[in-house]
Amino acid sequence: MIASTLLTVMLAAGGSADALTNVSVKNVSLKAPAAWTRSSMDGTEKFLAPSGDAYFLVDVGAVQTAGMKAEVCRQKILASIGGTSWTMVKVGGQPAAWKADTDAAPDGSGNVDTVTYVGCNGKTTWSVVFYMEQGKKDRFAAVAEKVGTSVTFTPPKGK
């Protein structure tokens, strides 16, 4: 009852269950659906849709080589995770890349679409990996794009 009332209020206010809000993960910020549940395990942030039909993971790390150029950093990320079907983009004004894949669901229930975004500013690396049931692609593909392209770098506290 409370959930349906909240959804009704959000829709009446011009929002949706996927209305985005700013969140911080280490020293990056991004937009995430406000109604999604956030949890953390081993340094990875997970955001789960209320329906359970989609979720995304956010990882943020530090570049180990001082003074690395952002473009070189992106190249190193892509070389380390492989694949050739990456589309080069800029996210938060910095080099990034994205790609979409389809895989069999771990439980054998069908296929899962994965949209992966990675990027770097020469000091900080980040990734957003968005998983959705293939039958829900029409519902979640736009959310995945909005989340993945919303990453910005925030300065460390005290600087």
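Visitor: What makes strand 2 and strand 10 a pair?

Guide: In this predicted model, strand 2 and strand 10 run antiparallel and are joined by two bridges. Because at least two bridges are needed before strands are said to pair, the two found here are enough. One place to look is serine 29, which stands opposite threonine 152 in strand 10.

Visitor: How do you know that strand 1 and strand 2 pair?

Guide: Six bridges lie between strand 1 and strand 2, and their pairing is antiparallel. Since the requirement is at least two bridges, these strands count as paired. Among the matched residues, valine 23 has leucine 30 of strand 2 as its bridge partner. In the hairpin that these strands make, two residues lie between them, and lysine 26 takes a positive phi near 50°.

Visitor: Why are strand 1 and strand 10 said to stand at the edges?

Guide: The open sheet has three strands in the order 1-2-10, with antiparallel pairing. Strand 1 (20-25) and strand 10 (152-153) each have a single partner strand, so each of them has one side without a neighbour in the sheet. As for strand 2, five of its six residues are buried, so this strand is largely enclosed by the rest of the structure.

Visitor: Which residues have the most contacts inside the largest nonpolar core?

Guide: That core has 25 residues, and those with the most contacts inside it are Leu30, Trp36, Phe56, Val58, Trp126, Val128 and Phe130. Strand 1, strand 2, strand 5, strand 8, strand 9 and helix 3 each supply at least two of the core's residues. A second core, separate from this one, has nine residues, including Val63, Cys73, Trp86 and Cys120.

Visitor: Why is tryptophan 36 counted as buried?

Guide: The relative accessibility of tryptophan 36 is 5%, and the word buried is used for values under 20%, so tryptophan 36 counts as buried. Phenylalanine 130 also counts as buried, because its value is 1%.

Visitor: Why is the pair of tryptophan 36 and phenylalanine 130 called tilted?

Guide: There are seven aromatic pairs in the structure. In this one, the ring centres are 5.8 Å apart and the planes stand at 50°. Planes under 30 degrees apart would be stacked and those over 60 edge-to-face, so an angle of 50° makes the pair tilted. The two residues come from distant parts of the chain, since tryptophan 36 is in the loop between strand 2 and strand 3 while phenylalanine 130 is in strand 9, 94 residues apart. Both also belong to a cluster linked by ring pairs, together with Phe47, Phe56 and Phe140.

Visitor: What makes the pair of tyrosine 55 and tyrosine 131 count as it does?

Guide: The rings of tyrosine 55 and tyrosine 131 have centres 4.8 Å apart and planes at 25°; because stacked pairs have planes under 30 degrees apart, this pair is stacked. Tyrosine 55 belongs to strand 5 and tyrosine 131 to strand 9, so the pair ties together parts 76 residues apart in sequence.

Visitor: Is tyrosine 55 buried, exposed or partly exposed, and why?

Guide: Tyrosine 55 has a relative accessibility of 26%; with buried set at under 20% and exposed at over 50%, tyrosine 55 therefore counts as partly exposed. Tyrosine 131, with a relative accessible area of 24%, is partly exposed. Lysine 46 lies over the face of tyrosine 55, at 4.4 Å from the ring centre.

Note on methods: Residues are numbered from 1 along each chain as its sequence is written. This is a predicted model: local features need pLDDT of at least 70, side-chain atom pairs count only at pLDDT 80 or more; totals for chains, interfaces and linings use all residues. Side-chain values use heavy atoms; hydrogens and water are left out. A nonpolar core is a set of buried Ala, Val, Leu, Ile, Met, Phe, Trp, Tyr and Cys residues joined through side-chain atoms within 4.5 Å. Buried means under 20% relative accessible area, exposed over 50%, partly exposed in between (1.4 Å probe, protein chains only). Helices (H or I, at least four residues) and strands (E, at least two) are DSSP runs, numbered from the N terminus. Rings of Phe, Tyr and Trp (its six-membered ring) pair if their centres lie within 6.5 Å; planes under 30 degrees apart count as stacked, over 60 as edge-to-face and the rest as tilted. A charge sits over a ring if NZ of Lys or CZ of Arg is within 6 Å of the ring centre and within 35 degrees of the ring normal.
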